[in-house]
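This report looks at strands, pockets and helices in turn. Please keep the model open while reading.

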Amino acid sequence: MTDRPGRTGGVLRIVVCLAALLAAAGFVALSAWQWQRLAWKEALIERVERQLSAAPQPLPPARDWPGMSREADEYRPVALQGWLEPEREIRVLASTELGRGHWVMVPLHLTSGGRVWLNRGFVPEALGNRPAALPPGAPQAQVQVTGLLRFSEAGSWLWQRNDPAAGRWVGREVAALSQAAGIEAAPFFIDVSRDGEHVGERVASASAATGAVPSASAPAMDIHIPQGGLTVLRFSNNHRGYALTWLALATGSVAAAVMLWRYKPDSRNA
């Protein structure tokens with residue numbers, strides 16, 4: 001007579017063991033991916049720290065721009081000069097340590113040829129569309145700029161997307177900015193350093209002149225408009241913990257599969 005319950009139990013045990021081994025393989029793959037991410041992140045942090053300790057270097061000429069990459073060149077301190085084009089200013093929604101507001105994006109017509117977008121800094125939401133201060137003599141005079149080279153951001157954030165027609169921007173997407181402004185520009189932009197191009201207008205003095213009363217949610221008064229130097233240079237690095245977690249799960253899955261495979265049901269209770 002065929003022992004059907006026993007055969008069914010054996011098949012089920014094999015299926016569960018295979019599932020556990022497949023899960024273990026998946027966990028190992030995830031762990032390996034996290035180790036790769038860890039190596040990439042540590043290299044990024046080391047490169048950025050090394051670059052930030054160096055003096056700004058002249059921006060490479062336009063002929064070298066196609067060969068530049070996010071992996072090798074992002075966060076590089078650079079120095080450049082040219083003419084600001086404030087008539088092409090575009091503001092992009094921003095959330096910073098100073099609160100919500102906008103980045104002031106303006107093209108710089110380089111003296112060496114070509115254009116590059118500058119992120120001149122942050123304007124708090126409380127100040128609305130208040131014009132950003134320009135260096136004395138700009139835009140007729142050349143301005144010297146120092147800052148960090150950044151690569152284009154995505155044109156969407158959560159459920160929002162850049163909408164040039166409506167004048168609503170949520171990401172510093174260089175190609176879209178250039179298209180909206182009707183210009184050709186470098187495939188990257190520059191985060192202008194604090195006081196990296198001009199001495200801006202102070203909010204406190206402006207408020208006194210206009211009699212405006214800032215809202216309770218407004219950021220600190222003693223800031224420049226726009227406020228440069230807000231590039232976030234803190235990189236979270238939890239990849240080692242993630243990798244060890246996935247490895248522990250893989251080990252547990254293999255152990256469970258081995259224990260189940262070796263399990264011998266008591267025939268007296270069958």
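## Pocket, sheet and helices

Strand 3 (90-96), strand 4 (99-110), strand 6 and strand 7 (156-157) each contribute at least two residues to the lining of the largest pocket. The largest share comes from strand 3, with five residues. The model is a predicted one. The pocket holds about 710 Å³ of space. Its lining counts 29 residues, and Ser 95, Trp 103, Glu 153, Arg 172 and Val 232 are the closest to its centre. By class, 13 lining residues are nonpolar, seven are polar and nine are charged.

**Strand 6 and its neighbours**

Strand 6 covers residues 143-151. Seven of its nine residues are buried, so the strand counts as mostly covered under the 20% relative accessible area cut-off for burial. Strand 6 has a partner in strand 2 (residues 77-84). The two run antiparallel over six bridges. In this pairing, Ala 79 stands opposite Thr 146 of strand 6. Strand 6 also pairs with strand 9 (residues 188-192). That pairing is antiparallel too, with five bridges. Here Leu 148 faces Asp 191 of strand 9.

**Strand 5 and its neighbours**

How many residues of strand 5 are buried? The count is 10 of 10, so strand 5 is largely enclosed by the rest of the structure. Strand 5 spans residues 115-124. Eight bridges tie strand 5 to strand 4 in the antiparallel sense. Met 105 has Asn 119 of strand 5 as its bridge partner. Strands 4 and 5 form a hairpin, with four residues between them. Gly 113 sits in the turn and has a positive phi of about 105°.

In which sense does strand 5 pair with strand 9, parallel or antiparallel? The sense is parallel, and three bridges make up the pairing. Asn 119 stands opposite Asp 191 of strand 9. Asn 119 is thus a bridge partner of Met 105 and also stands opposite Asp 191. Asp 191, in turn, stands opposite Leu 148.

The strand pairings can be set side by side.

| Strands | Sense | Bridges | Source of detail |
|---|---|---|---|
| Strand 2 and strand 6 | antiparallel | six bridges | Ala 79 opposite Thr 146 |
| Strand 6 and strand 9 | antiparallel | five bridges | Leu 148 opposite Asp 191 |
| Strand 4 and strand 5 | antiparallel | eight bridges | Met 105 with Asn 119 |
| Strand 5 and strand 9 | parallel | three bridges | Asn 119 opposite Asp 191 |

**The second largest cavity**

The whole structure holds two cavities of 30 Å³ or more. The second largest has a volume of about 30 Å³. Its lining includes Trp 103, Asn 119, Asp 191 and Thr 231. Gly 121, Val 192, Gln 227, Gly 228, Gly 229 and Leu 230 line the cavity as well. Strand 5 and strand 9 each supply at least two of the lining residues. By class, the lining has three nonpolar, six polar and one charged residues. Trp 103 also belongs to the lining of the largest pocket.

Thr 231 deserves a closer look. This residue lies in the loop between strand 11 (224-225) and helix 5. Is Thr 231 buried or exposed? Its relative accessibility is 17%, so Thr 231 counts as buried. The side chains of Thr 231 and Asp 191 share a polar contact of 2.8 Å. Both residues line the second largest cavity.

**Helix 5 and helix 1**

Helix 5 runs over residues 239-262. Its 24 residues should span 34 Å at 1.5 Å a residue. The end C-alpha atoms are 35 Å apart, which agrees with that expectation. Within helix 5, His 239, Ala 243, Ala 250, Ser 253 and Ala 257 are buried. Gly 252 belongs to helix 5 as well. With a relative accessible area of 38%, Gly 252 is partly exposed.

Helix 1 covers residues 4-52 and contains Ala 29. Ala 29 is partly exposed, at a relative accessible area of 48%. Ala 29 and Ala 243 are 214 residues apart in sequence, yet their C-alpha atoms are 9.6 Å apart in space. Gly 252 and Ala 24 are 228 residues apart along the chain. Their C-alpha atoms are separated by 8.0 Å.

Terms used:
Residues are numbered from 1 along each chain as its sequence is written. This is a predicted model: local features need pLDDT of at least 70, side-chain atom pairs count only at pLDDT 80 or more; totals for chains, interfaces and linings use all residues. Side-chain values use heavy atoms; hydrogens and water are left out. Buried means under 20% relative accessible area, exposed over 50%, partly exposed in between (1.4 Å probe, protein chains only). Two strands pair if DSSP finds at least two bridges between them. On a 1 Å grid over the protein atoms alone, a cavity is a set of points where a 1.4 Å probe fits but cannot get out, and a pocket is an open set with protein on both sides within 12 Å along at least five of seven lines; lining residues have an atom within 4 Å of a point. Grid points are joined across faces, edges and corners, and a volume is the space filled by probe spheres set on the points. Ala, Val, Leu, Ile, Met, Phe, Trp, Tyr, Cys and Pro count as nonpolar, Asp, Glu, Lys and Arg as charged, and the others, Gly among them, as polar. The expected span of a helix is 1.5 Å times one less than its number of residues. A polar contact is a pair of N or O atoms within 3.5 Å; within protein, one must be able to donate a hydrogen and the other to accept it, and residues adjacent in sequence count only if both atoms are side-chain atoms.
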